[in-house]
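Subject: Structure handover and notes

Hello,

I am passing on the structure we talked about, so please open it alongside this message. My notes on what was found follow below.

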Amino acid sequence: MGFISFGGPAGQIALLHQELVEQRRWISEKRFLHALNYCMLLPGPEAQQLATYVGWLLHGTRGGIVAGVLFVLPSLFILIALSWLYVAFSDVPAVAGILYGIKPAVTAIVLFAAYRIGLRTLRNTTLQVIAAVSFISVLVLQLPFPLIVLVAAIVGYFGGRIKPAHFELGGHGTHSNSDGAALIDDQTPLTYRTQFKKARFVGYCAVGASLWLIPSAILLVSFGWHGTLTQMSWFFTKAALLTFGGAYAVLPYVFQGAVDHYHWLTAGQMMDGLALGETTPGPLIMVVAFVGFLGGWNLQIFGPNDLFLAGMVAACVVTYFTFLPSFLFILLGAPLVESTHGAVGFTAPLTAITAAVVGVILNLAVFFGYHTFWPNGLEGSVDIFSVLLAAAATVALIHFRVGVVYVIVACAFLGLIYGIVVW
């Protein structure tokens with residue numbers, strides 16, 4: 001999954017659902033949505049946290065760590081390689097053509113994910129209205145995502161008391177399914193590994209604090225407080241705790257700090273890194289690995305003769321401090337969340353939040369489409385090739401059910417050909 005999870009959080013969640021719920025039947029629909037709702041509340045990458053959650057549900061702490069790490073690790077390796085290729089060959093037309101072709105595909109994938117998740121989630125008029133209001137609130141009113149989550153949770157809380165049937169979790173688990181029962185089904189009881197234990201909770205808190213404090217202290221002693229790696233560790237720890245609503249909620253903060261304050265890279269390089277992050281597998285927040293690589297490379301933290309080593313180490317440091325809180329949120333909170341199945345007072349707010357998130361995902365598709373179809377703004381001309389490519393990719397995904405990876409590869413190839421012929 002770490003190698004094929006294109007399309008940002010929406011696309012990744014759709015892929016996880018297809019693989020874990022529909023094909024492998026490792027977890028039922030209701031348990032999947034229950035876990036997803038919790039992950040939507042947390043700061044950090046929802047898809048990676050969801051993978052961690054399912055791994056934990058299947059095999060306890062070890063399963064959660066393995067699933068979460070391997071979901072991210074491929075994208076780290078890919079982004080380190082792409083970052084090096086970027087600084088070495090950024091002016092090669094073939095690279096620009098491939099990226100040009102992938103952007104319409106990403107737009108289609110996000111739109112497809114909004115369609116699929118909405119089809120499963122928006123089961124009545126109440127939830128559809130919540131999604132529509134959420135979409136308008138982000139697109140027109142530009143309200144912050146945490147506020148939308150808070151309002152949706154309040155609506156769900158009171159709505160669950162007034163009309164509880166409108167806020168119940170639905171899905172395959174409530175009906176007979178031709179695929180058979182899931183390994184973790186709706187009625188599967190908690191095991192000892194997944195039950196909440198106070199001693200285990202305190203122990204995980206202590207381990208988590210140590211995993212942050214010890215590396216931070218090593219960087220502080222080795223490079224000083226003003227050292228680049230020390231500053232990166234502190235800055236991206238803060239960023240990890242502010243990523244409510246996904247990567248786009250924190251990108252302005254990262255942009256301001258990395259470009260304007262620390263000068264790790266330029267504004268143009270940051271935008272190029274965002275394009276790479278959009279078109280590579282893994283959480284979109286993995287763009288921070290590109291930021292770390294460019295920062296280590298540009299500032300030559302290990303001297304002019306070890307630029308690649310500097311970039312690689314910085315990318316790993318940034319990734320570690322960005323994702324560490326996500327593992328702790330799951331391992332600490334998941335046992336409590338799993339004890340709330342069937343409690344409408346808890347599930348109703350989360351159901352409303354899921355409906356609101358559908359509207360936010362649709363807004364993300366509009367955001368991608370705007371920047372893809374009007375690369376020079378609305379005052380510029382429409383990129384007809386990108387529009388046609390996105391439309392073809394959308395039809396392929398929704399109507400013909402072509403796999404995401406095949407769509408990405410086909411669009412990259414067409415972008416490369418278009419770049420060679422037209423440019």
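Please keep in mind while reading that this is a predicted model. I begin with Glu338, which counts as buried because its relative accessible area is 3%, and buried here means under 20%. This residue is found in helix H12, which covers residues 307-338.

Around Glu338, once its neighbours within four places in sequence are left aside, the residues in contact are Arg31, His34, Tyr53, Trp56, Leu57 and Leu190. With one of these, Tyr53, the side chain of Glu338 makes a polar contact of 2.6 Å. With another, Arg31, the side chain of Glu338 forms a salt bridge, the N to O distance being 2.9 Å. Since Glu338 belongs to helix H12 and Arg31 to helix H2 (residues 29-41), this pair ties together parts that are 307 residues apart in sequence. Both partners, Glu338 and Arg31, are buried.

How many salt bridges does a search of the whole structure find? There are two. Besides the pair just described, Arg24 forms a salt bridge with Glu19, where the closest N and O atoms are 2.6 Å apart. Arg24 counts as partly exposed, because its relative accessibility is 45%. As general background, side chains of opposite charge can pair when their charged atoms come close.

Helix H12 deserves a look of its own. It has 32 residues, and the distance from its first C-alpha to its last is 46 Å, close to the 46 Å expected at 1.5 Å a residue. Even so, H12 bends by about 35° at Leu332, and a proline, Pro335, follows within four residues. The helix is mostly covered, with 23 of its 32 residues buried.

Turning to the nonpolar interior, the largest core has 68 residues, of which Ile13, Ile27, Phe32, Leu50 and Tyr53 touch the most other members. Helix H13 (residues 344-373) gives the most to this core, contributing 13 residues. A second, separate core has 40 residues, among them Met232, Val254, Met270 and Phe293.

Finally, you may like to find Ser134, which is placed in helix H5 (residues 125-139). Is Ser134 buried or exposed? With a relative accessible area of 3%, Ser134 is buried, and, not counting residues up to four places away in sequence, Ser134 touches Ile148, Ala356, Gly359 and Val360.

Best wishes

Technical notes. Residues are numbered from 1 along each chain as its sequence is written. This is a predicted model: local features need pLDDT of at least 70, side-chain atom pairs count only at pLDDT 80 or more; totals for chains, interfaces and linings use all residues. Side-chain values use heavy atoms; hydrogens and water are left out. Helices (H or I, at least four residues) and strands (E, at least two) are DSSP runs, numbered from the N terminus. Buried means under 20% relative accessible area, exposed over 50%, partly exposed in between (1.4 Å probe, protein chains only). Contact means heavy atoms within 4.5 Å. A polar contact is a pair of N or O atoms within 3.5 Å; within protein, one must be able to donate a hydrogen and the other to accept it, and residues adjacent in sequence count only if both atoms are side-chain atoms. A nonpolar core is a set of buried Ala, Val, Leu, Ile, Met, Phe, Trp, Tyr and Cys residues joined through side-chain atoms within 4.5 Å. The expected span of a helix is 1.5 Å times one less than its number of residues. The bend at a residue is the angle between axes fitted to the seven residues ending there and the seven starting there. A salt bridge is a side-chain nitrogen of Lys or Arg within 4 Å of a carboxyl oxygen of Asp or Glu.
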